[in-house]
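Colleague: I have a model open and would like to go through it with you. Can we start with the packing and then move on to the sheets?

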Amino acid sequence: MTKRFPTPKGRLTAGRSLAELTWLRVGGPADWLFQPADVEDLCGFLRELDPAVAVFPMGVGSNLIVRDGGLSAVVIRMGRGFNAITVEGNRVTAGAAALDAHVARRAAEAGVDLTFLRTIPGAVGGAVRMNAGCYGSYVADHFVEVQAVTRAGEVVTLDADDLNFRYRQTDLPEGCVITQATFEGVSGDPEELAARMDAQLKKRDETQPTKDRTAGSTFRNPAGFSSTGRSDDAHDLKAWKVIDDAGMRGAMRGGAQMSPMHSNFLVNTGGATAADLEGLGEEVRKKVFQHSGIELVWEIMRVGKPAPE
């Protein structure tokens with residue numbers, strides 16, 4: 001281990017492939033993958049790490065394309081030390097690695113309504129960073145605070161003003177790693193909340209390719225908000241609608257496809273490269289702009305460098 005890389009309690013692995021850690025199963029290796037044991041371990045590692053070394057916090061890889069050439073950074077992946085969920089009154093505190101679905105279920109069991117999280121793929125850290133939302137509710141609507149560790153290794157508490165929530169965006173400081181978040185929901189009957197989540201799951205499975213290898217919604221809705229799930233929901237400025245109008249439902253490149261079931265879902269049908277997936281996404285953006293003048297914005301994060309020529 002060089003001086004630039006301190007020896008942590010957690011696991012530090014050189015040249016770790018990231019493909020198997022993302023939902024789309026593509027991408028090259030990270031220079032280093034660090035899995036901290038706890039907050040203290042994370043603080044100490046970042047404090048001692050050469051400031052010139054880039055870090056990239058990664059959750060469960062549900063909303064991520066890692067390019068085929070890999071990522072020149074220390075990827076920090078939160079694991080078992082960061083997945084606790086506690087409920088006090090109407091406030092729910094969850095570690096950054098806790099799955100959104102698990103938080104929704106635990107809250108519902110305690111009579112707290114965070115049901116909007118049930119169908120959101122991924123973990124709490126990413127949900128906060130992206131202000132995840134569906135059915136008309138967003139993280140911002142229930143957010144109390146996050147605990148995070150700065151690139152300098154200091155623990156900080158950030159509130160809504162610090163994050164400046166917007167549609168699929170926040171101003172989380174560069175290099176900051178979320179360790180836990182606290183949400184607040186209204187009271188509800190546990191059985192009614194469970195029934196609502198079951199209905200949401202049924203609707204999702206009927207309309208989205210949940211059995212396929214995807215990363216959730218590919219592009220943000222041009223309307224600037226998520227689907228509400230209501231019968232009077234307007235579709236004109238939904239990403240799937242403008243993709244359909246441009247004739248790109250089911251379009252393919254290599255092993256990548258825009259799902260025939262829901263055209264705003266990018267699917268690895270088997271054997272796709274990150275270049276296939278990103279290239280198809282860019283082709284969709286071009287066709288949509290040519291057809292309607294609408295410039296789709298990626299919702300999936302793309303990081304790293306292309307494979308060498």
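**Packing and sheets**

Modeller: Setting aside neighbours within four places in sequence, Val128 is in contact with Val139, Phe143, Val146, Leu163, Phe165, Thr170, Ile178, Ala181 and Phe183. Keep in mind that this is a predicted model.

Colleague: Which residues touch the most other members of the largest nonpolar core?

Modeller: That core has 50 residues, and Leu46, Val74, Ile76, Val103, Leu114, Val128 and Val139 touch the most other members. At least two residues of this core come from each of helix 1, strand 5 (71-77), strand 7, helix 2, helix 3 (124-129), strand 11, strand 13 and helix 6 (190-207). Another core, of 24 residues, lies apart from it and includes Ile65, Met248, Ala256 and Leu277.

Colleague: Is there a general reason for such clusters?

Modeller: In soluble globular proteins, nonpolar side chains tend to be buried together.

Colleague: OK, sheets. What is the strand order in the five-stranded one?

Modeller: The order is 6-7-13-11-12, in an open sheet with antiparallel pairing. Strand 6 (85-88) and strand 12 (155-158) are the edges, each pairing on one side only. On average, neighbouring strands here are turned by 15° against each other, ignoring direction.

Colleague: How many bridges between strand 11 and strand 13?

Modeller: Six, linking residues 143-149 of strand 11 with residues 177-184 of strand 13 in the antiparallel sense. Within strand 13, Val177 is the residue opposite Val149.

Colleague: And which strands does helix 1 lie across?

Modeller: Helix 1 (residues 39-48) lies across strand 11, strand 12 and strand 13, at about 50° to strand 11. Its buried residues include Asp41, Leu42, Cys43, Gly44, Phe45 and Leu46. The N-terminal end of helix 1 is capped by Asp38, with a side-chain oxygen 3.3 Å from the backbone nitrogen of Glu40.

Colleague: What about helix 2, where does that one lie?

Modeller: Helix 2 (residues 100-109) lies across strand 6 and strand 7 (91-95), running at about 30° to strand 6. The axis of helix 2 also comes within 8 Å of the axis of helix 6, and the two cross at roughly 155°. Angles over 145 degrees count as roughly antiparallel, so helix 2 is roughly antiparallel to helix 6.

Colleague: Which residues meet there?

Modeller: From helix 2, Ala104, Arg105, Ala108 and Glu109; from helix 6, Pro190, Leu193 and Met197.

Colleague: Switching to the other sheet, the one with four strands. Which are its edge strands?

Modeller: Strand 15 and strand 16 (252-253), each pairing on one side only. This sheet is open too, in the order 15-18-17-16, and its pairing is antiparallel. Helix 8 (residues 274-292) packs on the sheet and touches strand 16, strand 17 and strand 18, with its direction at about 35° to that of strand 17.

Colleague: How is strand 18 joined to strand 15?

Modeller: By two bridges, with strand 15 (residues 214-217) and strand 18 running antiparallel. Ser217 stands opposite Phe265, and Thr214 stands opposite Val267.

Colleague: And to strand 17?

Modeller: Three bridges join strand 17 (residues 256-258) to strand 18, again antiparallel. Gln257 has Val267 as its bridge partner. A hairpin of six residues leads from strand 17 to strand 18.

Colleague: Last one: are the faces of strand 18 covered or open?

Modeller: Both faces of strand 18 (residues 265-268) are covered. Phe265 and Val267 are buried on one side, and Leu266 and Asn268 are buried on the other.

Note on methods: Residues numbered from 1 in each chain as written. Predicted model: local features only at pLDDT ≥ 70, side-chain atom pairs only at ≥ 80, totals over all residues. Heavy atoms only, no water. Pairing = 2+ DSSP bridges. Axes fitted to C-alpha atoms, helices over the stretch in contact; angles between N-to-C directions. Contact = heavy atoms within 4.5 Å. Buried < 20%, exposed > 50% of the residue type's maximum accessible area, 1.4 Å probe, protein only. Polar contact = N/O pair within 3.5 Å; in protein donor to acceptor, adjacent residues only side chain to side chain. Core = buried A, V, L, I, M, F, W, Y, C linked by side-chain atoms within 4.5 Å. Parallel < 35°, antiparallel > 145°, perpendicular 65-115°, else oblique.
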